[in-house]
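This report goes through selected local features of one protein chain, from backbone geometry to cavities, pockets and individual contacts.

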Amino acid sequence: MKTLNDFNFNSKKAIIRVDFNVPLDENFKVTDATRIEAAKPTIDKILSDGGSVILMSHLGRPKGIEAKYSLQHIIATTEEILGRKVQFASDCIGEVAETAAKNLQPGEILLLENLRFYPEEEKGDVEFSKKLAAFGDIYVNDAFGTAHRAHASTTIIAQFFQGAKCFGYLLAKEIESIEKVLKNSEKPVVAILGGSKVSSKITVIENILDKVNHMIIGGGMTFTFVKALGGNIGDSICEDDKLDLAIEILKQAKEKGVQIHIPIDVVAADAFSNSANTQVVDVKHIPDGWQGLDAGPKSLAIFRRIILDSKTILWNGPLGVFEMEKFANGTIALGEYIAESTASGAFSLVGGGDSVAAVKQFGLEPKMSYVSTGGGAMLEMLEGRTLPGIAAILE
C-alpha cells in the first residue's frame, strides 16, 4: 500500500482528491471544518517536501453550475486551518485551471472549483479525468468519504499515474483502522450496530459475524428482532418483511458462537416527540400506542459489562433517537462506556453518519481511537467490498 511516505514531493505538483464536502450555513460559512482539518497532515507533508498542492473536491449535489455550491465559500476556512494562502481557480478544467496549475510554485496551494459542476465527474468520464490528471505529477487520494464511488476524480484519474499514485494520510488511516477491526483485531471483539433498519445493515452483519465475539443490536432494528421472537412491540418501528431474516441472523450467530445482545428494556413514549410521556418497559411487552425510542437502564448495564471486557470495539449507529434530549441517554451512555474501555487500552472505531454526529455532539470524539470520516464508504468496507477509489491506487 503506497502512502505519502513512499514519495518525495520536492518540485512536484501533487493533485489531491480531498473531501471538502462540508456543511455551510445560510451565509455560506463553514459550520463543521472536520474534513478540512483531516486533510491538513497530507497537505503539510507535501509542502514541507518542497512540493505544491492542487486540491480537488465536490461540494453538495449541484445541478450544473450553482453559485451556492462554489468551493469559493470555503477558502477563508481552508486558509485559516492550513495557515497559508489558498489560490482559487474558478473552474476545475479548461484554460483558467490550466493556467493556475501551470503557474503554481513549490509551497503553494491551488483549490479547483467544484468537480460536480460537470456531470462527467460522477459519470467517471475518461476524458474529463485525463484533463484533471494533466495538472499534477503525482496523484494522491485522501478522500475516504467518496472512495466507494467510481467517479472521475476518485478512481478513473488514477490510471494516468502509473507508479506515481498513493494514499494520503487520512485515507491510509481509514483503511488501517477498518482492517484492524476486520482482520487484525484483538479479542474479544464487540460490534454495536444501531439505526432504524435491519435491511441497511444486513450485509455488514453477515460479513462481520465471523470476526466478532459479541454483537449489540440497538436502535430501531431492535424491534424487528423482538417481534420476530414473539414480543409485543406496540407502535415501535419494525420491518415486518424482515422477521424471517432476523431469525436467520440469530441462528447464524449461534452457529458461529457469536453472542447477540438485544435491549431487554426500553424507554417507551406515547408519541414521537421530545414532549411525549415516557415509561421504562420490558422490550417484549411494549403497550399498544407506545413506541420504544431508547435503550433502558437494565440493557445499558449489560452493554457496559460487554464493552468494558472488549479489546476491539466497532460502533455503527445510535441506540435511540439521540436527536431528542429525552431519548439521548442510551447513546450518550454507550459512548461513555466505549470511551472508558478505550482509556483502558481497547481499540475503538466509530463510523456512520449518526454515530459520528453523536460522538461530536456529546464531546466524546477525542476519547475514541478513531472516528471515520466516511459513512457510506465505511459501511461498504465493513460489508467486505473493495472500494473503487482504493482499488485504483492499489492497481
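Phe28 counts as partly exposed, at 33% relative accessibility. The model is a predicted one. Phe28 sits in the loop between β1 and α1 (34-48), and its phi is near 65°, a positive value in a residue other than glycine.

**Backbone geometry**

Most residues other than glycine have a negative phi, and most peptide bonds are trans. Besides Phe28, a positive phi is found at Ser11, where the angle is near 60°. Ser11 belongs to the segment before β1 (13-17). With a relative accessible area of 56%, Ser11 is exposed, because the limit for that class is over 50%. Phe28, at 33%, is partly exposed.

The peptide bond that joins Lys187 and Pro188 is cis, with omega at about -10°. Pro188 is located in the loop between α6 (169-182) and β7 (189-193).

**Accessibility of selected residues**

The table collects the relative accessible areas of residues discussed in this report.

| Residue | Relative accessible area | Class |
|---|---|---|
| Ser11 | 56% | exposed |
| Phe28 | 33% | partly exposed |
| Ser236 | 8% | buried |
| Phe322 | 3% | buried |
| Asn329 | 48% | partly exposed |
| Phe362 | 24% | partly exposed |

**Cavity**

How many cavities of 30 Å³ or more does a search of the whole structure find? The search finds 1. The largest cavity has a volume of about 30 Å³. Its lining consists of Val18, Asp19, Phe20, Arg35, Ala39, Asp142, Ala143 and Leu170. Sorted by class, this lining has 5 nonpolar and 3 charged residues, and no polar ones.

**Largest pocket**

The volume of the largest pocket is about 590 Å³. The pocket is lined by 26 residues, of which Asp32, Thr34, Arg35, Lys360 and Thr373 are the closest to its centre. Two or more lining residues come from each of the elements α1, α12 and β15. Which element gives the most to the lining of the largest pocket? It is α12, with 4 residues. By class, the lining divides into 12 nonpolar, 9 polar and 5 charged residues. Arg35 appears in the lining of the largest cavity and also among the residues closest to the centre of the largest pocket.

**Aromatic pairs**

The count of aromatic pairs comes to 4. One of them is formed by Phe322 and Phe362, with ring centres 6.1 Å apart and planes at 75°, so this pair is edge-to-face. Phe322 is in the loop between β13 (312-316) and α11 (329-343), and Phe362 is in the loop between α12 (353-361) and β15 (370-371), so the pair ties together parts that are 40 residues apart in sequence. Are the two partners buried or exposed? Phe322 is buried, at 3% relative accessibility, whereas Phe362 is partly exposed, at 24%. The boundary that matters here is 20%, because a residue counts as buried under that value.

**Surroundings of Ser236**

Ser236 lies in the loop between α8 (221-228) and α9 (243-256). At 8% relative accessibility, Ser236 is buried. Neighbours within four places in sequence aside, Ser236 is in contact with Phe223, Ile286, Trp290, Gln291 and Gly292. Two polar contacts can be described for its side chain. The side chain of Ser236 reaches the backbone oxygen of Ile233 at 2.7 Å, and a polar atom of that side chain lies 2.9 Å from the backbone nitrogen of Gly292. Gly292 thus appears both in the contact list of Ser236 and as a partner of its side chain through the backbone nitrogen. The C-alpha atoms of Ser236 and Pro287 are separated by 9.9 Å, and these two residues are 51 residues apart along the chain.

**Surroundings of Asn329**

Asn329 is placed in helix α11. Its relative accessible area is 48%, and Asn329 is therefore partly exposed. Not counting residues up to four places away in sequence, Asn329 touches Asp294 and Leu300. Asn329 and Val267 are 62 residues apart along the chain, with their C-alpha atoms separated by 9.7 Å.

Key: Residues are numbered from 1 along each chain as its sequence is written. This is a predicted model: local features need pLDDT of at least 70, side-chain atom pairs count only at pLDDT 80 or more; totals for chains, interfaces and linings use all residues. Side-chain values use heavy atoms; hydrogens and water are left out. Buried means under 20% relative accessible area, exposed over 50%, partly exposed in between (1.4 Å probe, protein chains only). On a 1 Å grid over the protein atoms alone, a cavity is a set of points where a 1.4 Å probe fits but cannot get out, and a pocket is an open set with protein on both sides within 12 Å along at least five of seven lines; lining residues have an atom within 4 Å of a point. Grid points are joined across faces, edges and corners, and a volume is the space filled by probe spheres set on the points. Ala, Val, Leu, Ile, Met, Phe, Trp, Tyr, Cys and Pro count as nonpolar, Asp, Glu, Lys and Arg as charged, and the others, Gly among them, as polar. Rings of Phe, Tyr and Trp (its six-membered ring) pair if their centres lie within 6.5 Å; planes under 30 degrees apart count as stacked, over 60 as edge-to-face and the rest as tilted. Contact means heavy atoms within 4.5 Å. A polar contact is a pair of N or O atoms within 3.5 Å; within protein, one must be able to donate a hydrogen and the other to accept it, and residues adjacent in sequence count only if both atoms are side-chain atoms.
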